[in-house]
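Biologist: Before we talk about particular residues, I would like to see how each label is earned. Could you take me through the terms as we go?

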Amino acid sequence: MHKLRENFMDILNLKNRLYARLKEDILHGVYSPGERFPAELHFARELGVARNTLRSALARLESEHLVRRERRHGTIATPDGVGNSAVRRYLFYNSVPTQKYATHVMPSIIQGLERTFAGNAMELDICLPERFCSLSHDEARTIFAARNIRGAILYSSQFFGDEPIYRMLCALEVPTVLAYCYRKDYDTTGFAAIPQNTATIWRASLEYLRKIGHRRIVTVNMNTESIRSIFTPEAYENLLRELGLDPNPALVLRCYMDFNDIYTKFREVFTAPNRPTAVLCYSDFWAPLIYRALQKLNLRIPEDVSVMGYCGSGGSEYMTPPLSTAAILYQDIGQLAMQMLLSAPQWFKRTDADGNPIPPPLEMTPYQLKIRGSTAPITKPTGRIDK
């Protein structure tokens, strides 16, 4: 009896492995939509399995609408008219309420995705993680097969490896891209990723201001200890020294997004001797309040004080003067995420010539310094900097 059970389990495992292999081949385009499989007898020999084993796998694939089995015509992959043969994508996004000054991020990423879809046989599905994770793994597999889902884009971060949506996507075994996440999320999840590039972009902003002559730069930060949510005070001071900028901690203003708070702190720093000549904003959303505060202090932009934003939110070019900013290219993130998914057959569950797993793609956030009217070179000496 024990021996019979072992044989049964071996057959069951073989059926499961064959089913999983054929499903992956169908989902990743090895068998094109409408392509006819070889006759069962020949196909079974080609795969090195019994005919009954092949039939069991094909029956499961048929139940998931991945194949159509027709008398006299055989088995056809991803048939037209069942689940639609158009390639589709899920975009999952973080259900945690977004800060009001970051509401532009996800719509911009979606615009980038849709640009990639244009002219191609692809569509975009958007689903809340809570709704998706309420499904069982089998229910999700059925829906993915019926809708012909080929991959997932997840706008979320700070993974620990036990999140329901992470476990679900691992169980479904579809290529997944994390759009605008943290670098450590790539290592935690094993998904393709486009991590935030904050340290590089912030440094580029400081380097630009230094290049046009500014040395005493006010950093407007959130009311938190870390600067731009990434630098410790000590690390930021060292960065400023490295770039030849004034490292005085008094030039780092921890502010609420509130005009009175910003104005009070600006009045103190801009009425002191050897006043600053430039401001680097935590984000573009702080810039209108900073403009008002400087105007109230009778300081002109950029003649007296240059102002540099961060993030590139829509509308900053409509300010007076238009805001210079380190723009994160959110639409490019969407396009890059789709390019990663479209290249999945080259990296997803693939190995190199030596049999080593091919790592999923990792690309840092694209950005561009958009220089407008709010910044200008220094036109007169600003005094000695005490380091």
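Modeller: A residue is called buried under 20% relative accessible area, exposed over 50%, and partly exposed in between, with a 1.4 Å probe and protein chains only. This is a predicted model, in which local features need pLDDT of at least 70 and side-chain atom pairs count only at pLDDT 80 or more, whereas totals for chains, interfaces and linings use all residues. Residues are numbered from 1 along each chain as its sequence is written, and side-chain values use heavy atoms, with hydrogens and water left out.

Biologist: Why is Lys349 called partly exposed?

Modeller: Its relative accessibility is 46%, and therefore Lys349 counts as partly exposed, because that class lies between the limits of 20% and 50%. Glu173, at 43%, is partly exposed for that reason too.

Biologist: What makes the pairing of Lys349 and Glu173 a salt bridge?

Modeller: The term requires a side-chain nitrogen of Lys or Arg within 4 Å of a carboxyl oxygen of Asp or Glu, and the N to O distance between Lys349 and Glu173 is 3.6 Å. This pair links distant parts of the chain, since Lys349 is in the loop between helix 14 (344–347) and strand 13 (367–370), while Glu173 is in the loop between helix 7 (164–172) and strand 6 (176–181), 176 residues apart. Helices (H or I, at least four residues) and strands (E, at least two) are DSSP runs, numbered from the N terminus.

Biologist: Which classes of exposure do Arg203 and Glu242 fall into?

Modeller: Arg203 has 26% relative accessibility and so counts as partly exposed, whereas Glu242, at 54%, counts as exposed. These two residues also form a salt bridge, with their closest N and O atoms 2.6 Å apart.

Biologist: Why is Asp304 called buried?

Modeller: Asp304 has a relative accessible area of 14%, and so it is buried. Asp304 nevertheless forms a salt bridge with Arg300, where the closest N and O atoms are 3.1 Å apart.

Biologist: What makes the phi of Asn298 worth pointing out?

Modeller: Most residues other than glycine have a negative phi. Asn298 is not a glycine, yet its phi is positive, about 60°; Asn298 is placed in the loop between helix 12 and strand 11, and its relative accessibility of 67% is why it counts as exposed.

Biologist: Which peptide bonds are cis, among them the one before Pro302?

Modeller: Ile301 and Pro302 are joined by a cis peptide bond with omega about 5°, and the bond from Thr320 to Pro321 is also cis, with omega near -5°.
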